[in-house]
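Welcome! Here is a short guided walk through the structure shown below, starting with a small detail and working outwards.

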Amino acid sequence: MSRAVDIYGTGEVERAPPIIVARDLVKRFEGPDGAPFDALKGVSFEVAAGRLTALVGPDGAGKTTLMRMIAGLLRADGGALQVLGHDAAQDAQEIQSRISYMPQRFGLYEDLSIQENLDLYADLHGVPAHVRGDRFARLLEMTDLARFTARPAGNLSGGMKQKLGLACTLVRVPDLLLLDEPSVGVDPLSRRDLWEIIEQMIAEEGLSVLVSTAYMDEAARCERVHVFNKGEQLAEGTPGELRAQVTGLTYVAAPREGEPARDLQARLIDARDRIVDAVPSGGKVHFIRRPECAADSLGDLLVGCEARAREEELEDAFMLLLRAHEEEEEPTASDQGGPDQDGEAALSSGGPEPDQDGAPIIVVRDLVRRFGDFTAVASTSFDVRPGEIFGLLGPNGAGKTTTFHMLCGLLPATSGHLEVAGVNLRQARATARRRIGYVAQKFSLYANLSVRENLEFFGGAYGLRGRTLRARVRAIETRFDLDPQAQSGNLPHGYKQRLAMAAGLLHEPRILFLDEPTSGIDPLARRAFWRTITQLSQEGVTIIVTTHFMEEAEYCDRIAIQDAGRLLALGTPREVREEAGPRGQDMNSAFIAIVENARAHERTRAAAPESVA
Amino acid sequence: MSATGSGFVQRLTALVRKEMRQMVRDRSNLLVGFLLPLALILLFGYGLSFDVRNAPVAVVIDTPSVAAREVVSGLEGSRYLAPRRVTTMAEAEHLLGDGRVDAIVHLPVDFARRYAASRARVQIVLNGIDSVTASTLEAYLSGSISKTLEHRVDRGEGGLSGAGQVEIVQRFWFNETSNSTWYLVPGLVVLIMTLVGAFLTSLLVAREWERGTLESLFVTPVRPLEIVLAKLAPYILVGLVDLAMCLVAARVLFDVPIRGSLLAVLVSSTMYLIVSLLLGLWISGATRNQFAASQVALLTSFMPAMMLSGFVFDLRNVPIGVEIAAQIVPATHFMTLIKTLFLAGTDWAMVARSCTILGAYALLLTLLTRRTVRKRLD
């Protein structure tokens, strides 16, 4: 606490001059189609010293570009940028010598040990030897890495790498700390740990921090928030000021008995003229009413469901801003994707309810997969019923992808029983594969083929030909609202995701596998994606999906939580939340509670070997 | 400003230590850095050679005679030839066709008679597929046969006296035994320096771009030049070890003389090593992609060093365009120098000229490489 005083002088913290001043900042890149595209479209803002400031926005908002410009790594194409009193274009080195910067993918040297990585950055920043001992000890303790100092950074888990990256940026007390999405792709546990470290350092050293994030709960912890979208700043203020914009517009509605929350959510989110946003949460639906729409005009949407006012959150304000901005940009084409127009028709006609009593379409019994000594998946059993949406959740390295690969017949199991669509995968992998559709995390599309060429190729690969193929391709293009002539490589990310899903559905599979389908796409596109998924499910397609967005588990009928290869929880989202006990209010905290309980259990059981290791 | 000068040594030391550790921990580095040069030395020293030694030759004698026997024993006396008697020409042709002999020496029916009249004719049939070997072999055969005849003349046994005949006494300078190992091994030094330099370093900067480590490194007080210098240091060490390996192998295994000053050899080799390390670093930084960088490095450094530097083809006989291209390749300047230093001796003027050219290249490449790590992402 005294550090803040040392740096800025008593009482100077509040009146300190801004440390970042941006005026009409423009940055232009060449887009994938060769045309110039503005990553930043004339942005002006200030960041005050001694504060925790957040830059929030979906992917493609320009957060990383802005961070890199502040770090002196990119030059502006217009406007002016001052950091710590230096011009970012002229005195980049002066800035770089005074700040610490953690890029989205922190460049750890994977063949160096934890200690060697720390030493390197301490040497480069010129940290005096007498300060190092204490500082390293503290950083290692906070990051819980003290036990592994000799381990090469390449052998750490994703969360540990991220913590080490943070430790490397904190080897000295910088005049400004830049954190570019420090928690992206990190599991909820490591995410929580990272934020504890950041907040502790701010409290103890009075750091000035600028952090970019796509998570609203993280932004809510900051003193000041700047909201960005598509290269523009939409709003700025304290979290409280931003929340005030949605005061009185936020509700929570409980679905009727027996109705899945996601059906009510689908009905609400389709009513674009009245509803800004709706998401399933804790078995209920959180939604935001449009400000211009009267509070009592929602009766036909709710059809008997009770809607109560709910305290507004930063996320609500963010969604309102985003939706308004999207509509401003393209007033008519408000669709971020998905078969929304037909969606309503399909919904009202009422698709067949999933046959809850039907025989399981996927049976997994005692599934094991080992890679050498390492057990990636340990004795896992679960069923998936036809028409279900089944979610696989877990931290990085939990065994999700391995399980997934075995289910799709891409990887043989070491032992256990595996049945997909009535076919034993150990014997007839090819037959099983014909009945499933698979959308890989990195969409397997040919960038230099057009949308139609891609679809025709994948259709052919699944054995469709001639008239059938052409008819299916046309049908799927219409359904997913795809432009057949567009070149796949030039499509925006959300659009590519739609095309990848379309390709996976060409042969009308009974089961669709989606591996991390929503990573890297913005919240509006994610809503549209889930809208498509719920609709497919109503048509009887069974969906298996992995995700690291815990709140997306609420869209699923049932979920499985994996950690370190073991299945920790299995059931409906509500059952899983209840299993987590009082801490499991939302999916995120339920997940943390379950994984922590299991790890604590494991530790007490294997206390002796653990301490040796 | 204040931070510019201070800390240079500390940062450079830290970076060099890091590069050293990374180099030692990456097995593929050691493989390319030490085992590949060793393999090249052995391959070029023992396997690759333009010399003919113990070449199998079929000898067909239609009518046995004293003269014919003397010719055969003349052939047998040569360490370059391994004659074997066959009875018919057809059989000899068969052996040649199978590649079991490289040449046929045919002494026709009237050999002894014509020989007495000093008008002897000998048919030599050569496998012309490998023209270099064939012409060498031809020279050996005709040399051996004419020597036998001369001996007879000297003894006064055969026909006319030696009057009017001219004997050509060959004398190769610098490579007295006309041994191609002598000629290949100095070239090998160039090839290995090129390979270690450009190929190993071509991965270094690109790897840091690919793994995103440069972005973190950039936002520290580190200067671009320090990054470049730190990457050079460990590989200079590897290159010098390889140079030592080459020199020892040249001396001990292949008996190649090193007639020039050892100091000149070391200085010029180090200069060339630095040039080729920098070339690799520059390619690496410019491509920012390990695969592309290694391909480009192979094509722009190793291939020209092999084809254009005068290692294989004599540059005096090439068209002007190729000549210009060859002069641009740094390896050409070092190749000429190192061959002279090995086989002829020290020509200090030449050392100075070549080292100046190499120094200019080193400076240019340092500036270019520094630009590729100039702490900007756009």
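This is a predicted model. A good place to begin is a pair of strands in chain A: strand S1 (residues 18-30) and strand S4 (residues 78-83) run antiparallel and are paired over 5 bridges. If you look for a landmark in this pair, Ile20(A) sits opposite Val83(A) in S4(A).

Strand S4(A) has another partner too, since 2 bridges join S4(A) to strand S5 (residues 86-87) of chain A, again in the antiparallel sense. Here Val83(A) stands opposite His86(A) in S5(A). Strands S4(A) and S5(A) make a hairpin with 2 residues between them. In the turn you will find Leu84(A), with a positive phi of about 50°.

## A sheet in chain A

Next, have a look at an open sheet in chain A. In what order do the strands of the open sheet run? There are 6 strands, and the order is S6-S7-S8-S3-S9-S10 (chain A), with mixed pairing. The edges are formed by S6 and strand S10 (232-237) of chain A, each of which pairs on one side only. On average, neighbouring strands of this sheet are turned by 15° against each other, direction ignored.

At the S10 edge, strand S9 (residues 224-229) of chain A and S10(A) pair in the antiparallel sense over 5 bridges. Within this pairing, Val227(A) is opposite Ala235(A) in S10(A).

Helices pack on the sheet as well. One of them, H7(A), touches S6 and strand S7 (176-180) of chain A, and its direction makes about 170° with that of S6(A). Another, helix H13 (residues 314-329) of chain A, touches strand S3 (52-56), S9 and S10 of chain A. The direction of H13(A) makes about 30° with that of S9(A).

## The domains of chain A

Stepping back, chain A is divided into four parts: domain 1 (2-232), domain 2 (245-334), domain 3 (357-435 + 511-531 + 542-613) and domain 4 (442-509). The centres of domain 1 and domain 3 of chain A, taken over C-alpha atoms, are 33 Å apart. These two domains do touch: 11 residues of domain 1 of chain A are in contact with 13 residues of domain 3 of chain A.

Which helices each supply at least two residues of the domain 1 side? They are helix H7 (158-169) and helix H8 (188-205) of chain A. The largest share, 3 residues, comes from H8(A). Sorted by class, the domain 1 side has 3 nonpolar, 5 polar and 3 charged residues.

## The two chains compared

The table sets out some overall values for each chain.

| Chain | Helices and strands | C-alpha extent along principal axes | Buried residues |
|---|---|---|---|
| Chain A | 23 helices and 24 strands | roughly 70 × 65 × 50 Å | 47% of 613 residues |
| Chain B | 16 helices and 4 strands | about 100 × 45 × 40 Å | 40% of 378 residues |

Why does chain B count as more spread out than a compact globule? Its radius of gyration is 28 Å, well over the 21 Å that the globule rule gives for 378 residues, so chain B is more spread out than a compact globule. For chain A, a compact globule of 613 residues would have a radius of gyration near 25 Å, and the value for chain A is 25 Å, which agrees.

Chain B is divided into domain 1 (2-48 + 180-372) and domain 2 (55-154). The C-alpha centres of these two domains of chain B lie 48 Å apart.

You can also ask how far along the sequence contacts reach. In chain A, residues 24 or more positions apart account for 71% of the contacts with a separation of 6 or more. In chain B, among contacts between residues at least 6 apart in sequence, 80% join residues at least 24 apart.

## Where the chains meet

Finally, how many residues of chain A are in contact with chain B? There are 25 residues of chain A in contact with 27 residues of chain B. On the chain A side, helix H4 (92-98), strand S6 (99-102) and helix H5 (114-124) are the elements that give two or more residues. The largest share, 5 residues, comes from H5(A). By class, this side of chain A has 13 nonpolar, 5 polar and 7 charged residues. Strand S6(A), met earlier as an edge strand of the open sheet, thus appears again here among the elements that touch chain B.

Notes
Residues numbered from 1 in each chain as written. Chains lettered and ligands numbered in written order. Predicted model: local features only at pLDDT ≥ 70, side-chain atom pairs only at ≥ 80, totals over all residues. Contact = placed C-beta atoms within 7 Å. Nonpolar A, V, L, I, M, F, W, Y, C, P; charged D, E, K, R; others polar. Domains from an automatic or database assignment. Rg over C-alpha atoms; globule rule 2.2 N^0.38 Å. Buried ≥ 20, exposed ≤ 12 C-beta atoms within 10 Å, placed from the backbone. Pairing = 2+ DSSP bridges. Axes fitted to C-alpha atoms, helices over the stretch in contact; angles between N-to-C directions.
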